[in-house]
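Welcome, and please keep your viewer open beside this text. We will go from one selection to the next and say what is there.

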Amino acid sequence: MKVLAIDPGYGRIGFAVLLKEGGKTNLLFSECFETEKETVFEERLKKIGDRIRDIAQAHQPDCAAIERLFFSKNKKTALQTAEVRGVCIYTTKEYNLTIAEYTPNQVKNAITGNSNATKSDVIRMVPRLITLDSRKRHDDEYDAIAIGITHLVSVPYLAQQQ
């Protein structure tokens, strides 16, 4: 199974493509995609949709996993992040991908075993779960990788529940 994982954000978005094959999970691609602050918001949304299309065409994922929005103290940022999520969901559906959503606490629990873990706990644990090259990554990219891992470990459990 190949999953496109997305950590939606306003300004920076984490993307990752992971493949689970024969019990082993491999990272095929990841990045922190940034849109320019000076660009009109609607154009930023279009660039995000275009980037998802590029990734989906290049990697042909079987499904998508996205972080579920949690409430923010900054209402403007929360609303814009919700709009980014909408673009992400819409664009992945253009490729007929099923979409799973995970809360930050679900991701923390799947990666560290503790739903109250910190962001740095998750970042420290990800390289213990899958092989990463040594290049520097933004936390948004680590979050996307963690969302992908969460989905790949959750799918067998979800299938049993149905």
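**Starting in the sheet**

Select β1 together with β4 (residues 63-67): the two strands run parallel and are joined by four bridges. Helices (H or I, at least four residues) and strands (E, at least two) are DSSP runs, numbered from the N terminus, and two strands pair if DSSP finds at least two bridges between them. Across this pair, look for Ile6, which stands opposite Ile66 in β4.

A note before moving on: this is a predicted model, in which local features need pLDDT of at least 70 and side-chain atom pairs count only at pLDDT 80 or more, while totals for chains, interfaces and linings use all residues. Residues are numbered from 1 along each chain as its sequence is written, and side-chain values use heavy atoms, with hydrogens and water left out.

Now show the side chains of β1 (residues 2-7). Six of its six residues are buried (under 20% relative accessible area, with exposed over 50% and partly exposed in between; 1.4 Å probe, protein chains only), so the strand is largely enclosed by the rest of the structure. Lys2, Leu4 and Ile6 point one way, and Val3, Ala5 and Asp7 the other.

Next, add β2 (residues 12-21), which pairs with β1 in the antiparallel sense over six bridges. Asp7 faces Gly14 of β2. In the hairpin, four residues lie between the strands, and Gly11 has a positive phi near 100°.

Zoom out to the whole sheet. It is open, with mixed pairing and the strand order β3-β2-β1-β4-β5. β3 (24-34) and β5 are at the edges with a single partner strand each, so one side of each has no neighbour in the sheet. For the β2 and β3 pair, ten antiparallel bridges are found; Leu18 opposite Leu27 in β3 is a good place to centre the view.

**On to the helices**

Select α2 (residues 75-94). Its buried residues, among them Ala78 and Val84, pack against β1, β2, α1 (41-59), β4 and β5 (98-102). Just after α2 comes Asn96, with a positive phi near 55°.

Finally, which residues join α1 to α2? The helices pack at an angle of about 35° with axes 9 Å apart (axes are lines fitted to C-alpha atoms, for helices over the stretch in contact; angles run from 0 to 180 degrees between N-to-C directions). The contact (heavy atoms within 4.5 Å) includes Phe41, Leu45 and Ile48 of α1 and Val84, Val87 and Cys88 of α2.
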